[in-house]
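Visitor: Could you take me through one part of this structure in close-up? I'd like to follow a single region and see what packs around it.

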Amino acid sequence: MRTASTPTHCPYCALQCGMALSPLPTGGVEVVERTDFPVNRGALCGKGRTAPAVLAPGVRLTSPLVRSAGGELVPAGWDEALDRIAGELGRIRTEHGPDALGVFGGGGLTNEKAYALGKFARVVLGTSQIDYNGRFCMSSAAAAGIKAFGLDRGLPFPLEDIPRTGCVILVGSNLAETMPPALRYFNELRENGGTLIVVDPRRTKTAEQADLHLAPRPGTDLALALGLLHLIVAEGRVDEEYVGERTAGWEETRAAAMAHWPEYVERITGVSVPQLRETVRLFCEPEAAMVLTARGPEQQSKGTDTVGAWINLCLATGRAGRPLSGYGCLTGQGNGQGGREHGQKADQLPGYRKLDDPAARAHVAEVWGVDPDSLPGPGRSAYELLDALGSDVRSLLLMGSNPVVSAPRAAHIEERIKSLDFLAVCDVVLSETAALADVVLPVAQWAEETGTTTSLEGRVLLRQRAITAPEGVRSDLEVLHELAARLGVDKGFPVEPEEVFEELRRASAGGVADYSGISYERLAEGEGVFWPCPAQDDRRPTGTPRLFLDRFATADGRARFVPVSHRPIAEEPDDDYPVLLTTGRVVAQYQSGAQTRRVDELNAAAPGPFVELHPRLAARLGAAEGDPLAVTSRRGRAVAPARITVGIRPDTVFMPFHWPGEGRANTLTNPALDPTSRMPEFKVCAVRVERAERADP
């Protein structure tokens, strides 16, 4: 007789697809379809369906590991491991000060873990040096959204609105591979008579579904958006009444756009003037339309301005803050939204409060029972923190991230990590970064613990524990509790997730991301609650699914145009590095691959890295399908087999970034930072491509 299944959500991307977990007689769990959750209606990609494989014996860690005198990682007891971490952190703090202690979190941590980690860094360690890998994902869109709307929530409307709008411009997203269950919303859009426009330098599986595919030169999305706005003005398509009543800053933005005439934009982007005009027509003719961005325009050294230009397109045409219209960001990581709201960012306190705001500091300090003046100020952003390892920052406590594979200029970051006085990693598997640690702690994940996440819709969800973690495995909350006690803070770090969430509710109350009206009891009803949801708001059982319909989250309620202008990428091609590299994901792997590369079925589908290139470039190189190619940038060299396709621009190559070793794409990527979001320029850099010697069989 089958035991009742436990409703929960997928551990991977920000869709947070609903699923159920059913215990197996032999131990472990299997995934069972859950059709009652509205986002995916039971559909799952291969990653979600095979997620329990990562928790199998022999795959996941089940014992702490410590670095022996001989330099090997060897099994140890929990007390020994925790004592060693606390001892080293205490020693380094005494010798070098609290800011010599670094903390690095992840967009996959639950809200409870992200909240507790930020509190631990500031209250227990007293360090300002904390950030997380979500800085590498959505930070440019977040910064642009705050500038324009006064608030950052990935989607200001639920996914269910997409099929009912008239046109969607999808910029830099290959969601057919990165979040496959979401593709049905865009298929339904087209079935309903709407139009899908995809902007991507590659003809991806998503672009193949589009009514119109624009393939700009990588790094020119900003110019493209400005050219479209120019045409909107020139063709008299501006919604003047909306602009006058609901926005500010239009005249300066209009002037900036008019400097980007269509022929000029065609020369920059490679997108033809007729395609520009057709895009404007398709976007402006329906009553409602949307622009959705993802990592393509965001992972650039001008990502904030680029996203801002696409937001300006929505504002000029009256597409924001109206039903079935608006701008949205397709957040990537499983808790990428919640992970950037509650304190693991360098400049942030819970509730999306700013760390340099005296009122925010006073509110959170009261909840935490500390003096506001004791809280450190803002620290370094993610790449800057990693770049400072081994110099200003002497130790690192890392949870839920694998920067040896995922960081830009990865070979350099690997060396910085190796230069640390001390590294402690909490993870479910022995990632490439964990393999360099002095102490590795095996922690519970997903099916083994309860906690909340916040999806790309701003929908707060409850993941429920389905099985007990193996003996020898503890939760991240237990780790923080034990370390806090060893470092002299006996209270304030509970191990029960619901207790942590109750404190998070109080800390977020009155903030931009107000969770104070959300409870585990309310979330257990099944479909989640959209923030903001203040404690007194009991009229809307699902919170606030749609934002900005009455006013924007600015002081005067008006959205802000932000004038921007095109500028080149940080590293243009030249004679030595004549080709552009862009990076991304494939359907069967996820992020750094630390978990998915341990699943046989997924590895069979995507066994390793590759270099995608156009036949014309392949012919110039004398390369055939499968030939090893060396891709070299100013930062290093990667080697992977050729994959030849007409679906990419002749001036561009593509590499997925899921693998370590000689095929590590992030060895090549450029850490040039956006001045506002501090996002590195993952999406475009100059490279040289050559045939490599084929290894002997």
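Guide: Happy to. Let's start with a pair of strands: β19 is joined to strand β20 (residues 459–463) by four bridges, and the two run antiparallel. Keep in mind that this is a predicted model. To find your place in that pairing, look for T454, which stands opposite V460 in β20. The two strands belong to an open sheet of three, ordered β19-β20-β21, with antiparallel pairing. At the edges are β19 (451–454) and β21 (529–530), each of which pairs on one side only. As for the pairing itself, strands of a sheet pair through backbone hydrogen bonds, either parallel or antiparallel.

Now add a helix to the picture. Lying across β19 and β20 is α3, which runs at about 95° to β19. This helix is a good one to stay with, since a few side-chain contacts can be picked up from here.

Take the aromatic rings. A pair of aromatic rings is described by the distance of the centres and the angle of the planes. By the rule used here, rings whose centres lie within 6.5 Å make a pair, and the count comes to twelve aromatic pairs. One of them is edge-to-face, between Y115 and W368, with 6.3 Å from centre to centre and 70° between the planes. Y115 sits in helix α3 (residues 111–125) and W368 in helix α14 (residues 358–368), so this pair ties together parts that are 253 residues apart in sequence. Y115 is buried because its relative accessible area is 1%, under the 20% cut-off. W368 also counts as buried, at 9% relative accessibility.

For another long-range link, go to F136 and F682, an edge-to-face pair at 5.3 Å centre to centre and 70° between the planes. F136 is in the loop between β7 (130–132) and α4 (139–149), while F682 is in the loop between β29 (680–681) and β30 (685–691), so the pair connects parts of the chain 546 residues apart. Here too the rings belong to buried residues: F136 has a relative accessible area of 4%, and F682 comes in at 5%. Elsewhere, ring pairs link F149, F548 and F552 into a cluster.

Rings can have a charge over them as well. K119 lies over the face of F493, at 5.0 Å from the ring centre. R319 does likewise with F283, at 5.4 Å from the ring centre.

Back to α3, this time by way of a helix that packs against it. In helix α18 (residues 476–486), the residues D476, L477, V479, L480, L483 and A484 are buried. Look down the axis of α18 and those buried residues fall within an arc of 155°, so they line one face of the helix. The general pattern helps here: an α-helix has 3.6 residues a turn, so residues three or four places apart point the same way. The buried residues of α18 pack against α2 (78–96), α3, β16 (395–399), β17 (422–427), β18 (439–442) and α19 (497–508). If you trace the chain on from α18, you come to G488, whose phi is positive, near 95°.

So, to retrace the route: α3 lies across β19 and β20, carries Y115 of the ring pair with W368, and is among the elements that the buried residues of α18 pack against.

Key
Residues numbered from 1 in each chain as written. Predicted model: local features only at pLDDT ≥ 70, side-chain atom pairs only at ≥ 80, totals over all residues. Heavy atoms only, no water. Phe/Tyr/Trp six-rings, centres within 6.5 Å; stacked < 30°, edge-to-face > 60°. Buried < 20%, exposed > 50% of the residue type's maximum accessible area, 1.4 Å probe, protein only. Lys NZ or Arg CZ within 6 Å of the ring centre and 35° of its normal. Pairing = 2+ DSSP bridges. Contact = heavy atoms within 4.5 Å. Axes fitted to C-alpha atoms, helices over the stretch in contact; angles between N-to-C directions. Arc of directions from axis to C-beta.
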